[in-house]
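Subject: Structure handover

Hello,

Here is the structure we spoke about, with its sequence. My notes follow below it.

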Amino acid sequence: MPLYAAIWEEGLATYVSDWSTPGASRASLLLDIPKGMEQTCMANLPFLVDDVTAKLDSKDVADYGDYLLFRSKDPRRPGRAGYCIGYLLAKQLHTRMPMDALVALEGETLRGLLAEALRTLAPTR
């Protein structure tokens, strides 16, 4: 599975949980595992966006581990950062399409929309 698909699956699940449970805490959405993960991602968003963009099609287990497990050694990329990036991408795309269309995205259509959304996700670098 390419990195974009893995980040999308986990981020979308997190976003749907947030969307369907108004007032859910960041902890209940698992956006705080490891502690401070979401804040670290937001503080390093330009780096993360550039890194994910460069690795969208990667099937390297190291990239998967860096973004979806606890294997990252880079302090700008906390463990599980892909959940936060995917969540932000799903939230952004949901402003442009209804939930039923959002959850049906896949393949090249999904990849193209994610690449486009990544370009607008981070502040100007």
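Is Cys 41 buried or exposed? Cys 41 counts as buried, at 0% relative accessibility. Please keep in mind throughout that this is a predicted model.

Cysteines

Cys 84 is also a buried residue, with a relative accessibility of 0%. The sulfur of Cys 41 has its closest cysteine sulfur in Cys 84, at 4.1 Å, which is too far for a bond. A disulfide would need the two sulfur atoms within 2.5 Å. The count of disulfides is zero.

Salt bridges

How many salt bridges does a search of the whole structure find? The search returns ten. I describe some of them here.

Arg 111 pairs with Asp 57, and the closest N and O atoms are 2.8 Å apart. Arg 111 belongs to helix α7 (residues 107-121), while Asp 57 sits in the loop between α3 (45-54) and α4 (61-68), so this salt bridge ties together parts that are 54 residues apart in sequence. Asp 57 is partly exposed, at 44% relative accessible area.

Helix α7 takes part in another pair. Glu 116 forms a salt bridge with Arg 96, with 3.2 Å between the closest N and O atoms. Glu 116 is in helix α7 and Arg 96 is in the loop between α5 (81-94) and α6 (99-104), so the parts tied together are 20 residues apart in sequence. Both ends are partly exposed: Glu 116 has a relative accessible area of 34%, and Arg 96 is at 43%. Elsewhere, salt bridges with shared partners join Asp 51, Lys 55, Asp 63, Asp 66 and Arg 77 into one network.

Within that network, the side chains of Lys 55 and Asp 63 meet at 3.5 Å, N to O. Lys 55 is buried, with a relative accessible area of 19%. Its partner Asp 63 is buried too, with a relative accessible area of 12%.

Helices α3 and α4

The buried residues of α3 are Leu 45, Leu 48, Val 49, Asp 51 and Val 52. Around the axis they cover an arc of only 170°, so they lie on the same side of α3. Their cover includes α1 (3-20), α2, α4, α5 and α7.

In α4, the buried residues are Asp 63, Gly 65, Asp 66, Tyr 67 and Leu 68. What covers them includes α1, α3 and α5. The N-terminal end of α4 is capped by Asp 60, which places a side-chain oxygen 2.7 Å from the backbone nitrogen of Ala 62.

The loop after α4

Ser 72 is found in the loop between α4 and α5. With a relative accessible area of 15%, Ser 72 is buried. Its side chain reaches two backbone atoms: the nitrogen of Asp 74 at 3.3 Å, and the oxygen of Arg 77 at 2.6 Å. Apart from neighbours within four places in sequence, Ser 72 is in contact with Gly 65, Asp 66 and Arg 77. Of these contacts, Asp 66 and Arg 77 are also members of the salt-bridge network described above.

The nonpolar core

Which residues touch the most other members of the largest nonpolar core? They are Trp 8, Tyr 67, Ile 85, Leu 93, Leu 102, Leu 105 and Leu 118, in a core of 41 residues. Each of α1, α2, α3, α4, α5, α6 and α7 supplies at least two residues of this core. The most comes from α5, which gives nine residues.

Trp 8 has contacts outside its own stretch of sequence. Leaving out neighbours within four places, Trp 8 is in contact with Leu 89, Ala 90, Leu 93, Leu 102, Leu 105, Leu 110 and Leu 114. Of these, Leu 93, Leu 102 and Leu 105 are also among the core residues that touch the most other members.

An exposed position

Ala 43 is placed in helix α2 (residues 37-43). At 62% relative accessibility, Ala 43 counts as exposed. From Ala 43 to Glu 116 the C-alpha to C-alpha separation is 21 Å in space, and the two are 73 residues apart in sequence.

Regards

Terms used
Residues numbered from 1 in each chain as written. Predicted model: local features only at pLDDT ≥ 70, side-chain atom pairs only at ≥ 80, totals over all residues. Heavy atoms only, no water. Salt bridge = Lys/Arg side-chain N within 4 Å of Asp/Glu carboxyl O. Buried < 20%, exposed > 50% of the residue type's maximum accessible area, 1.4 Å probe, protein only. Helix = DSSP H or I, 4+ residues; strand = E, 2+ residues; numbered from the N terminus. Arc of directions from axis to C-beta. Contact = heavy atoms within 4.5 Å. Polar contact = N/O pair within 3.5 Å; in protein donor to acceptor, adjacent residues only side chain to side chain. Core = buried A, V, L, I, M, F, W, Y, C linked by side-chain atoms within 4.5 Å.
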